[in-house]
Amino acid sequence: MSTRPIGVRVRPAVPDDAEETERIRVAGRRSAHRGILPDPPLDALAPRTARHAERIRDPRGTGDAMALLDGRSAERR
């Protein structure tokens, strides 16, 4: 087991994060609702990357944040 300190940083989301955050949103919905809702609607869920990027650009913001582990998102490690 490593004892190396982990560098975690949380920052506000930027439009370039939209693809990854949408991919995570869709995967989370599918995982949470599988077995509760019928499969076809869950399978039809698609990332809305452009829409989400526009929402992040909006000065009112989305409140989204991106957690970075050693300077990278966890999925890009």
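These legends go with a set of close-up views of a predicted model.

**View 1. The whole chain, as a place to get your bearings.** The protein chain has three helices and three strands. Following the sequence from start to end, you will meet them in the pattern β-α-α-α-β-β. Of the 77 residues in the protein chain, 19% are buried. Take the contacts between residues at least 6 apart in sequence: 66% of these join residues at least 24 apart.

**View 2. Helix α1 meets helix α3.** Here α1, which covers residues 18-33, packs against α3, made of residues 49-57. The two axes lie 9 Å apart, at an angle of about 120 degrees. That angle falls outside the ranges for roughly parallel, roughly perpendicular and roughly antiparallel, so α1 and α3 count as oblique to each other. The crossing of α1 with α3 is right-handed. On the α1 side, look for Ala-18, Glu-19, Thr-21 and Glu-22; on the α3 side, their partners are Thr-49, His-52, Ala-53 and Ile-56. By type, the residues of this contact come to three nonpolar, three polar and two charged.

**View 3. Thr-21, a residue of the α1 and α3 contact.** Is Thr-21 buried or exposed? Its relative accessible area is 15%, and because the cut-off for buried is under 20%, Thr-21 is buried. Two polar neighbours are worth finding around its side chain. One is the backbone oxygen of Ala-18, which sits 3.2 Å from a polar side-chain atom of Thr-21. The other is the side chain of His-52, with which the side chain of Thr-21 makes a polar contact at 3.4 Å. Setting aside residues up to four places away in sequence, Thr-21 touches His-52 and Met-66. His-52 also appears in View 2, among the α3 residues that meet α1.

**View 4. Glu-22, the next stop along α1.** Glu-22 belongs to helix α1. With a relative accessibility of 4%, Glu-22 is under the 20% cut-off and therefore counts as buried. Which residues does Glu-22 contact, leaving aside its neighbours within four places in sequence? They are Pro-47, Arg-48, Thr-49 and His-52. Thr-49 and His-52 are also listed on the α3 side of the helix contact.

**View 5. Arg-51 on helix α3.** Staying on α3, this view turns to Arg-51. Arg-51 has a relative accessible area of 49%, and since exposed means over 50%, the residue is classed as partly exposed. Pro-15 makes a useful landmark here: 36 residues separate Arg-51 from Pro-15 in sequence, while their C-alpha atoms are 10.0 Å apart in space.

**View 6. Leu-45 in the loop before α3.** Leu-45 is placed in the loop that joins α2 (39-44) to α3. Its relative accessibility is 25%, which lies between the cut-offs of 20% and 50%, so Leu-45 counts as partly exposed. Which residues does Leu-45 touch, not counting those up to four places away in sequence? Look for Val-26, Arg-29 and Arg-30. For a sense of distance, the C-alpha atoms of Leu-45 and Arg-25 are separated by 9.8 Å, and these two residues are 20 apart along the chain.

Definitions and conventions. Residues numbered from 1 in each chain as written. Predicted model: local features only at pLDDT ≥ 70, side-chain atom pairs only at ≥ 80, totals over all residues. Heavy atoms only, no water. Helix = DSSP H or I, 4+ residues; strand = E, 2+ residues; numbered from the N terminus. Buried < 20%, exposed > 50% of the residue type's maximum accessible area, 1.4 Å probe, protein only. Polar contact = N/O pair within 3.5 Å; in protein donor to acceptor, adjacent residues only side chain to side chain. Contact = heavy atoms within 4.5 Å. Axes fitted to C-alpha atoms, helices over the stretch in contact; angles between N-to-C directions. Parallel < 35°, antiparallel > 145°, perpendicular 65-115°, else oblique. Left-handed = near helix turned anticlockwise from the far one by under 90°. Nonpolar A, V, L, I, M, F, W, Y, C, P; charged D, E, K, R; others polar.
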